[in-house]
Amino acid sequence: MSRAVEVVRSCALEEETPLVEVPLPDRLGARLVMKDESQHPSGSLKHRLAASLIMFGLCNGDIRPGGTLLDASSGSTAISEAYFARELGLDFVAVIPAATSPEKIRLLEGLGARCELVEGGVSVTAVAEELAAQPGWVYLDQFANASTRTNWREGNVASALFAQLDAQQIRCPDWIVVGAGTGGTSATIARFARYRARRSSVAVVDPEGSAFYKAWRSGSRDEVGSTSRIEGIGRSVVEASFMPQLIDEMIQVPDVLSVAGMRALKEFGIDAGPSTGTNLIGSLLLALRGRPEGRTMTLASLICDRGERYADTYGDDAWLARQGIVLGDEVQSLVDFLHGGDVPSFLTDARVPVPM
């Protein structure tokens, strides 16, 4: 078992992912730096979570030679878990929505994973729990464990982000903007910032209809939402790892703008998925609110995964239309704005829940 722990540790401690600056118009008086988590060996932010979940399972005696790992996922967490399972010589089963992008499914199968596709209306977690009852199977359960099995004091995305900002002499962010799939990332960042007395507020961006935004607004964990159309973030129920008390602001971003943000970033050489587009829109809305008097606002966020994973879905207008997402001039308007043009009306429209 000690060898397995060393394998996970060595795979998790690759070269740190870089910071990327997103050009913002001078009028905003703001600076946006994104940590590119797509550069992990398994291609996404979830590389860190997968390492934490599997390391806990090994050290807790749950994961044993010859066992089978499984998890419920929208794709990226499963890809990262499959990567570690392959390195450990373990079988892995991914319980994922049938609507998961074909590229993610290909990546999973390429890592040796078996995919259990779940049709809409059926809970992926319920299917995973049923499968996990088999002898020798270990349910990693990211949705329940993300906020508790990550070491938020050190060796996490927050500690790495702040260390890199300090090294590059970038002032402490006024806001750190992240999405919520499990809630684990926002909880880790908020806890670390408080632990190290960093003066950064945490804003969570959420897709249309997600239960997370409703729960944060109402204070009730019993809220129910709709199935998210933005892969990787948003949930129809409030997961155990979502910690609303740690969040300073939540912004519900229209799905069409999440996709427009993803595509606009590509125009600046940043190949990212739709949840990163959501991060961009939330960051712009915060910047438009106004900067601290007399100084430039600094915002930090994450590039969650690579846009190439979504070539057949969010990169395809016909596929988007079948999901009810129709792009107009949003992409070009965002690109023009980032080049110094007019503020797009959809960023000031009353229908967009601008943070107060």
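**Exercise 1. In which strand does Arg-114 lie?**

Solution. The model is predicted: local features need pLDDT of at least 70, side-chain atom pairs count only at pLDDT 80 or more, and totals for chains, interfaces and linings use all residues. Residues are numbered from 1 along each chain as its sequence is written, and side-chain values use heavy atoms, with hydrogens and water left out.

Step 1. Arg-114 lies in strand E5. Helices (H or I, at least four residues) and strands (E, at least two) are DSSP runs, numbered from the N terminus.

Step 2. The relative accessible area of Arg-114 is 41%, so this residue is partly exposed. The classes are buried for under 20% relative accessible area, exposed for over 50%, and partly exposed in between, with a 1.4 Å probe and protein chains only.

Step 3. With neighbours within four places in sequence set aside, Arg-114 is in contact with Phe-92, Val-93, Ala-94 and Trp-137. Contact means heavy atoms within 4.5 Å.

Step 4. Between Arg-114 and Ala-203 there is a C-alpha to C-alpha distance of 35 Å, at a separation of 89 residues in sequence.

**Exercise 2. Work out how strand E4 is placed among E3 and E5.**

Solution. Step 1. Strand E4 covers residues 91–97, and 5 of its 7 residues are buried, so the rest of the structure largely encloses E4.

Step 2. E4 pairs with strand E3 (residues 68–72) in the parallel sense, over 5 bridges. Two strands pair if DSSP finds at least two bridges between them. In this pairing Asp-71 stands opposite Ala-94 of E4.

Step 3. E4 is also joined by 5 bridges to strand E5 (residues 114–118), and these two run parallel. Here Ala-94 stands opposite Cys-115 in E5.

Step 4. Now follow the connections. From E4 the chain crosses through helix H4 (residues 102–110) to E5, in a right-handed β-α-β crossover. E3, helix H3 (residues 76–88) and E4 likewise make a right-handed β-α-β unit. A crossover is right-handed if, with the strands pointing away from the viewer, the path from the first strand over the helix to the second runs clockwise.

**Exercise 3. Do the corresponding analysis for strand E8.**

Solution. Step 1. Of the 7 residues of strand E8 (residues 201–207), 6 are buried, so E8 is largely enclosed by the rest of the structure.

Step 2. Strand E7 (residues 175–179) pairs with E8 in the parallel sense over 5 bridges, and Gly-179 stands opposite Val-205 in E8. The chain passes from E7 through H8 to E8 in a right-handed β-α-β crossover.

Step 3. E8 and strand E9 (residues 249–253) run parallel and are joined by 5 bridges. Val-204 stands opposite Met-250 in E9. The crossover from E8 through helix H9 (residues 211–218) to E9 is a right-handed β-α-β one.

**Exercise 4. How many disulfides does the structure hold, and why does Cys-59 not bond to Cys-11?**

Solution. Step 1. A disulfide is a pair of cysteine sulfur atoms within 2.5 Å. The structure holds 0 disulfides.

Step 2. For Cys-59 the closest cysteine sulfur is that of Cys-11, and the 15 Å between them is too far for a bond.

Step 3. Cys-59 is exposed, at 57% relative accessibility, whereas Cys-115 is buried, at 18%.

**Exercise 5. Which residues other than glycine, in the loops before E7 and E8, have a positive phi?**

Solution. Step 1. Most residues other than glycine have a negative phi.

Step 2. Gln-169 has a positive phi, near 55°. Gln-169 lies in the loop between H7 and E7 and is exposed, with a relative accessible area of 75%.

Step 3. Ala-197 also has a positive phi, near 55°. Ala-197 lies in the loop between H8 and E8, and its relative accessible area of 64% makes it exposed.

**Exercise 6. Is Ser-275 buried or exposed?**

Solution. Step 1. Ser-275 is found in helix H11 (residues 274–289).

Step 2. Its relative accessible area is 6%, so Ser-275 is buried.

Step 3. Apart from neighbours within four places in sequence, Ser-275 is in contact with Ile-230, Glu-231, Ile-233 and Cys-304.
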